[in-house]
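Here is a friendly briefing to read alongside your model. Please keep the sequence and the 3D view open as you go through the points.

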Amino acid sequence: QVQLVESGGGLVQPGGSLRLSCAASGLVVSDYAMGWFRGQEREFVAAINWRTDSQSYTDSAKGRFSVSRDRAKNTVYLQMNNLKPEDTAVYYCAASTTYTYLPSDYRYWGPGTQVTVYS
């Protein structure tokens, strides 16, 4: 049984940082493209390729967010810096056999973690 569990969300002021974690069980994160999405509409935030470790980001995340993974811990991370109020959302990690920004291509999803940026 595949499980993805996000953690690390919380309350932060504008300009602050958070690091989200996505712990996987039942799959190996290095065998999948791992993506981060946010909100009810599953807006694409970032993804990491399972073969090359190349990354992609939505324009609003470029220069502020960084996605990475730890194969030994079977965990994917999203480092978020210089957070803004518009980053407020529930953040989800997901796994796909395709390196893509489309949420419909991701088969496995975590339950999400809330990020709130307030002033």
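Does N74 count as buried or exposed? At 15% relative accessibility, N74 counts as buried, where buried means under 20% relative accessible area, exposed means over 50%, and partly exposed lies in between (1.4 Å probe, protein chains only).

This is a predicted model, in which local features need pLDDT of at least 70 and side-chain atom pairs count only at pLDDT 80 or more, while totals for chains, interfaces and linings use all residues. Residues are numbered from 1 along each chain as its sequence is written, and side-chain values use heavy atoms, with hydrogens and water left out.

**Overall build**

- The protein contains eleven strands and zero helices; both kinds of element are DSSP runs numbered from the N terminus, with helices being H or I of at least four residues and strands being E of at least two.
- Following the sequence, you meet the pattern β-β-β-β-β-β-β-β-β-β-β.
- The radius of gyration is 13 Å, which agrees with the value near 14 Å for a compact globule of 119 residues; this radius is taken over C-alpha atoms, and the globule rule is 2.2 Å times the number of residues to the power 0.38.
- The C-alpha trace spans about 40 × 25 × 25 Å along its principal axes.
- Of the 119 residues, 47% count as buried.
- Among contacts between residues at least 6 apart in sequence, 57% join residues at least 24 apart; a contact means heavy atoms within 4.5 Å.

**Surface and charge**

- About 6100 Å² of the protein is exposed, and carbon and sulfur atoms supply 45% of that area; the areas come from the Shrake-Rupley method with a 1.4 Å probe, and for residues only the protein chains shown count as cover.
- The protein has 11 positive and 10 negative charges, whose mean positions are 4 Å apart.
- For that count, Lys and Arg are positive and Asp and Glu are negative, with His and the chain ends not counted; the place of a charge is NZ of Lys, CZ of Arg, CG of Asp or CD of Glu.

**The disulfide**

- A disulfide is a covalent bond between the sulfur atoms of two cysteines.
- The count for this model is one disulfide, using a cut-off of cysteine sulfur atoms within 2.5 Å.
- C22 and C93 are the partners, and their sulfur atoms are 1.9 Å apart.
- C22 belongs to strand 3 (residues 18–25) and C93 to strand 9 (residues 89–96), so the pair ties together parts that are 71 residues apart in sequence.
- The link of C22 and C93 is right-handed, with 50° about the S-S bond.
- Both C22 and C93 are buried.

**Loop residues with positive phi**

- Most residues other than glycine have a negative phi.
- D53 has a positive phi, near 65°, and sits in the loop between strand 5 (43–48) and strand 6 (55–57).
- With a relative accessible area of 28%, D53 is partly exposed.
- N82 also has a positive phi, near 50°, and is placed in the loop between strand 8 (75–80) and strand 9.
- N82 is partly exposed, at a relative accessible area of 42%.

**The loop between strands 7 and 8**

- N74 is located in the loop between strand 7 and strand 8.
- Although N74 and A24 are 50 residues apart along the chain, their C-alpha atoms are separated by 5.9 Å.
- Beyond its neighbours within four places in sequence, N74 contacts C22, A23, A24, S25, L27, V28 and V29.
- A72 lies in the loop between strand 7 (65–70) and strand 8, and is exposed, with a relative accessible area of 76%.
- The C-alpha atoms of A72 and W50 are separated by 14 Å, with their positions 22 residues apart along the chain counted as the distance apart.

**Two strand residues and their contacts**

- S21 is part of strand 3 and is buried, with a relative accessible area of 16%.
- Not counting residues up to four places away in sequence, S21 touches V5, E6, S7, W36, T75, V76 and Y77.
- Y108 is found in strand 10 (residues 108–109).
- Y108 and S96 are twelve residues apart in sequence, and their C-alpha atoms are 7.1 Å apart in space.
- Leaving aside neighbours within four places in sequence, Y108 is in contact with residues including V2, L4, L27, Y32 and C93.
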